[in-house]
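Subject: Structure for you to look at

Hello,

Please find the structure below, followed by notes on what was found in it. Have the sequence open while you read.

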Amino acid sequence: MKIKLGIAPIAWSNDDMPELGGETPIEQCLREANSAGFIGVELGGKFPRNPGIVKFLLEKFNLSMPGGWYGSKLKERSVEDEWQLMQDQIELFLSLDTKVFIFADVSGSIQGRGDVPLTKRPTLTLNEWKEYSKKITEISNRLEDVGLPISYHHHMGTIIQTESDIEKLLDLTNEKTKLLFDTGHLLFAQADYERCLKKYISRINHVHCKDMRKSILEKSLKLDLSFRDSFLEGVFTVPGDGCINYNPLIKILYENEYSDWLVVEAEQNPLKANPYEYAKKGYNYLKKVITESGYEI
């Protein structure tokens, strides 16, 4: 059974903080991603949005596009308004034969604010949960209908962050609402990521692989740092460079015949963590774990 390894461009150029890697051209990211061994790169802020140009760039570096972040405000908007705003990205992904639509909700998000600690992130009331879940179900149905299944991205600093949030979201939506499983964000939210993977494997259609530096994670939680400050401190890193053991996680994926993408996504300051060197480190570690589990690449 084969599995696909991709990477996100966020290590080269940070979308939340464009000044980090702002001078790095997208061509450098694509060239180095390919050189490190990856066969796919997710959509990032540096990409043009013209389908023809994006396709040309991907083909030039022998890459495909596994997906890409879409930051919605569905909590605040109507389904119809959000759906219209999604159309450009939907059309781009369909033209590139992308398999999932990565959907996050940044309504009231504090992920980009250095002045707000993570304990002050937005949450949903009971009544809001019911209404929001109906909206997500409708968006999921529509994305399924166009052949681009949703992959809901739980994320620090947003309304869907914790293990409890994920459980409620999946309980209150239908089977067409799929989950993006992100190891780093789950650990940061103090969730049991192995338990989550086992419990929700049937709903998971995309995997983000990031690692955490344990000492910085503990500091972030103890001091209640903002997400931005935690990131700048270096809380995230690539698989194999932190405290997460991927062996049991890859084994669970293999036993459940998961054969889609594993995407390295570890936002770091490129001046402190050379993106190419860390890309190679993440690829080499995951390749070893993957092949030992029985997968082929």
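A polar atom of the His-185 side chain lies 3.2 Å from the backbone nitrogen of Met-156. A polar contact here is a pair of N or O atoms within 3.5 Å; within protein, one must be able to donate a hydrogen and the other to accept it, and residues adjacent in sequence count only if both atoms are side-chain atoms. This is a predicted model, in which local features need pLDDT of at least 70 and side-chain atom pairs count only at pLDDT 80 or more, while totals for chains, interfaces and linings use all residues. Residues are numbered from 1 along each chain as its sequence is written, and side-chain values use heavy atoms, with hydrogens and water left out.

His-185 belongs to helix H6 (residues 183-188). Helices (H or I, at least four residues) and strands (E, at least two) are DSSP runs, numbered from the N terminus. His-185 counts as buried because its relative accessibility is 1%. The classes are buried for under 20% relative accessible area, exposed for over 50%, and partly exposed in between (1.4 Å probe, protein chains only). Leaving out residues up to four places away in sequence, His-185 touches His-153, His-154, His-155, Met-156, Lys-210, Phe-227, Phe-236 and Glu-267. Contact means heavy atoms within 4.5 Å.

Next, the sheet. Eight strands form an open sheet with parallel pairing, in the order S2-S1-S10-S7-S6-S5-S4-S3. Strand S2 (40-41) and S3 are the edge strands, each pairing on one side only. Two strands are said to pair if DSSP finds at least two bridges between them. In general, strands of a sheet pair through backbone hydrogen bonds, either parallel or antiparallel.

Start at the S3 edge. S3 (residues 69-72) has alternating side chains: Tyr-70 and Ser-72 point to one face and are buried, whereas Trp-69 and Gly-71 point to the other face and are not. Such alternation between the two faces of the sheet is what a regular strand shows in general. S3 pairs with strand S4 (residues 101-105) in the parallel sense, over four bridges. Ser-72 has Asp-105 in S4 as its bridge partner, and Gly-71 has Ala-104.

Between these two strands the chain passes through helix H3 (residues 79-95), and this β-α-β crossover from S3 to S4 is right-handed. Right-handed means that, with the strands pointing away from the viewer, the path from the first strand over the helix to the second runs clockwise.

How many residues of S4 are buried? Five of the five are, so S4 is largely enclosed by the rest of the structure. Phe-101, Phe-103 and Asp-105 point one way from S4, and Ile-102 and Ala-104 point the other way. S4 also pairs with strand S5 (residues 150-153), in the parallel sense and over three bridges. Here Phe-103 stands opposite Tyr-152. The chain crosses from S4 to S5 through helix H4 (residues 126-145), in a β-α-β crossover that is again right-handed.

Elsewhere in the sheet, strand S1 (residues 4-7) and S10 pair in the parallel sense over four bridges. Gly-6 stands opposite Val-263 in S10.

Then some loop residues. Asp-97 sits in the loop between H3 and S4. Its phi is positive, about 60°, although Asp-97 is not a glycine. Asp-97 counts as exposed because its relative accessibility is 53%. Gln-190 lies in the loop between H6 and helix H7 (193-200). Gln-190, also a residue other than glycine, has a positive phi near 60°. Its relative accessibility is 63%, so Gln-190 counts as exposed. Leu-271 is in the loop between strand S10 (261-264) and helix H11 (275-293). With 76% relative accessibility, Leu-271 counts as exposed. Its C-alpha atom is separated by 9.5 Å from that of Trp-12, 259 residues apart along the chain.

Last, the cysteines. A disulfide is a covalent bond between the sulfur atoms of two cysteines. The rule used here asks for a pair of cysteine sulfur atoms within 2.5 Å, and by this rule the count is zero. Why is Cys-196 without a bond? The closest cysteine sulfur, in Cys-209, is 15 Å from its own, too far for a bond. Cys-196 is buried, at 3% relative accessibility. Cys-243 is in no disulfide either, and the nearest cysteine sulfur, that of Cys-209, is 14 Å away. Cys-243 is partly exposed, with a relative accessible area of 36%.

Regards
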